[in-house]
Number of protein chains: 2
Amino acid sequence: MRWSELDQADCPIARALSILGDRWTFMILRDCFFGVHRFEALQANLGISRTILRDRLAHLVQAGILVQRPYQDRPVRYDYVLSAKGKALNGVMLMLGEWGRTAVDGQPETPIRHRHQTCGHVLRPYVACAACGEEVMAKDVRAVRAG
Amino acid sequence: MRWSELDQADCPIARALSILGDRWTFMILRDCFFGVHRFEALQANLGISRTILRDRLAHLVQAGILVQRPYQDRPVRYDYVLSAKGKALNGVMLMLGEWGRTAVDGQPETPIRHRHQTCGHVLRPYVACAACGEEVMAKDVRAVRAG
DNA sequence: ATAGTCAGTTTATAAACTAAACTTACTTAA
DNA sequence: TTAAGTAAGTTTAGTTTATAAACTGACTAT
């Protein structure tokens with residue numbers, strides 16, 4: 001099976017990954033969350049090849065995750081900024097960073113990366129259930145398979 | 001820059017992605033969360049090539065995310081099951097699925113995939129702050145860049 | 001004029017992926 | 001006791017993708 005056929009899958013995780021699941025797209029989005037918005041800055045920061053960056057940015061724009069916002073004319077140059085759909089990835093990003101800190105590095109107390117502005121504390125994100133507000137543990141989730 | 005150099009990065013998201021960020025690893029883990037544990041089952045279910053599956057499973061075992069648990073001898077055959085480190089990805093998986101449902105599909109009411117056993121409701125996961133318990137919005141997170 | 005910036009495009013080369021057949025080590029049914 | 005079947009790979013050949021580095025075009029600043 002080709003990766004490009006994955007958007008047909010009967011599973012929201014598969015469809016999400018058909019957009020985000022390649023080697024650089026997630027990293028580009030991470031930079032967008034950190035305020036890096038321009039081609040040259042992304043290329044220099046990620047060390048990605050320019051060909052692939054062009055390709056991935058075009059995909060993300062087409063998927064409605066990034067939006068091109070011109071910041072000059074003659075020649076036209078764009079900032080690549082997160083749309084609402086892109087900003088909706090915030091939760092995924094936070095949990096991915098938390099996993100990297102705690103599970104991969106084994107040390108949650110790395111140099112501060114996020115602060116929760118509303119309460120002022122260093123952010124330790126966790127996933128909660130909208131119905132009961134409790135933290136969702138893996139063992140308490142009954143997954144129903146369908147593709 | 002090569003993808004393989006990414007594990008050196010000074011960012012927990014980058015280090016997480018150096019393990020998970022290729023085209024199939026996340027899909028393999030999704031299947032593990034859904035209870036698919038064997039080579040043939042994963043291969044048939046994902047439609048991935050056997051060469052890549054072998055490679056990715058070996059990587060995940062080496063990274064301590066999956067554990068091989070023998071289920072027969074002569075010849076030895078293994079189940080690939082999630083370790084604690086692997087189970088810690090639960091939050092990432094849930095948020096990724098939620099993003100797929102709401103942002104990509106635009107319809108949160110797809111056929112039920114997860115139920116929260118402790119409260120009995122269909123799971124609508126969100127990311128909360130451990131300090132204040134409030135939902136974490138993208139605008140309320142001050143990200144400090146460092147690589 | 002000359003150099004510099006930004007966002008690409010082109011090209012040759014290198015790496016990764018796919019599909020399909022093959023291998024090993026068994027088990028079960030005829 | 002041969003013949004199929006199962007499970008987990010490995011091998012091979014061919015295709016697809018990615019990389020690095022140079023090049024292009026449209027400007028701006030000195």
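A nonpolar core is a set of buried Ala, Val, Leu, Ile, Met, Phe, Trp, Tyr and Cys residues joined through C-beta atoms within 7 Å. A residue is buried if 20 or more other C-beta atoms lie within 10 Å of its own, exposed if 12 or fewer, and partly exposed in between, with C-beta atoms placed from the backbone.

The exercises below concern a predicted model, in which local features need pLDDT of at least 70 and side-chain atom pairs count only at pLDDT 80 or more, while totals for chains, interfaces and linings use all residues. Residues are numbered from 1 along each chain as its sequence is written, and chains are lettered from A and ligands numbered from 1 in the order in which they are written.

**Exercise 1. The fold of chain A**

Task: Describe the secondary structure and the extent of chain A.

Solution. Step 1: Helices (H or I, at least four residues) and strands (E, at least two) are DSSP runs, numbered from the N terminus. Chain A contains six helices and five strands.
Step 2: Their order along the sequence is α-α-α-α-β-β-α-α-β-β-β.
Step 3: The C-alpha trace of chain A spans about 55 × 45 × 30 Å along its principal axes.
Step 4: Of the 147 residues in chain A, 38% are buried.

**Exercise 2. The relation between the chains**

Task: State what turn and what shift lay chain A on chain B.

Solution. Step 1: Two copies of a chain are related by a rotation about an axis and a shift along it.
Step 2: The copies are superposed by least squares on the C-alpha atoms of residues with pLDDT of at least 70 in both. A turn of 180 degrees and a shift of 0.0 Å along the axis lay chain A on chain B with an RMSD of 0.0 Å.
Step 3: This is the relation of a two-fold axis.
Step 4: Both copies use the same surface, since 100% of the contact residues of chain A recur in chain B.

**Exercise 3. The contact between chains A and B**

Task: Identify which element of chain A gives the most residues to the side that touches chain B.

Solution. Step 1: Two residues are in contact if their C-beta atoms, placed from the backbone, lie within 7 Å. By this criterion 69 residues of chain A are in contact with 69 residues of chain B.
Step 2: The elements of chain A that give two or more residues to this side include helix 1 (12-20), helix 2 (25-33) and helix 6 (90-104).
Step 3: Helix 6 gives the most, with 14 residues.
Step 4: By class, this side of chain A has 41 nonpolar, 13 polar and 15 charged residues. Here Ala, Val, Leu, Ile, Met, Phe, Trp, Tyr, Cys and Pro count as nonpolar, Asp, Glu, Lys and Arg as charged, and the others, Gly among them, as polar.
Step 5: Strands pair if DSSP finds at least two bridges between them. Strand 4 of chain A and strand 4 (residues 125-129) of chain B run antiparallel and are joined by five bridges; Ala128(A) has Tyr126(B) as its bridge partner.

**Exercise 4. The core**

Task: Name the residues that touch the most other members of the largest nonpolar core.

Solution. Step 1: The largest nonpolar core has 74 residues.
Step 2: Val92(A), Met95(A), Val92(B) and Met95(B) touch the most other members.
Step 3: Apart from its neighbours within four places in sequence, Val92(A) is in contact with Val92(B), Met95(B), Leu96(B) and Trp99(B).
Step 4: Arg101(A) is placed in helix 6 of chain A. Arg101(A) counts as buried because 21 other C-beta atoms lie within 10 Å.

**Exercise 5. Arg74 and the DNA**

Task: Determine where Arg74(B) lies, and whether Arg74(B) is buried or exposed.

Solution. Step 1: Strand 1 (residues 66-72) and strand 2 of chain B pair in the antiparallel sense over six bridges.
Step 2: Arg74(B) lies in the loop between these strands, and its phi is near 45 degrees, a positive value in a residue other than glycine.
Step 3: The peptide bond from Arg74(B) to Pro75(B) is cis, with omega near -10 degrees.
Step 4: Arg74(B) is exposed because 5 other C-beta atoms lie within 10 Å.
Step 5: A residue is near a strand if its C-beta atom, placed from the backbone, lies within 6 Å of it. Among the 20 residues around DNA strand C, those that come nearest include Arg74(B) and Arg38(A).
Step 6: The surface near DNA strand C has seven nonpolar, three polar and ten charged residues.
Step 7: Around DNA strand D there are 19 residues, and Arg74(A) is one of the closest.
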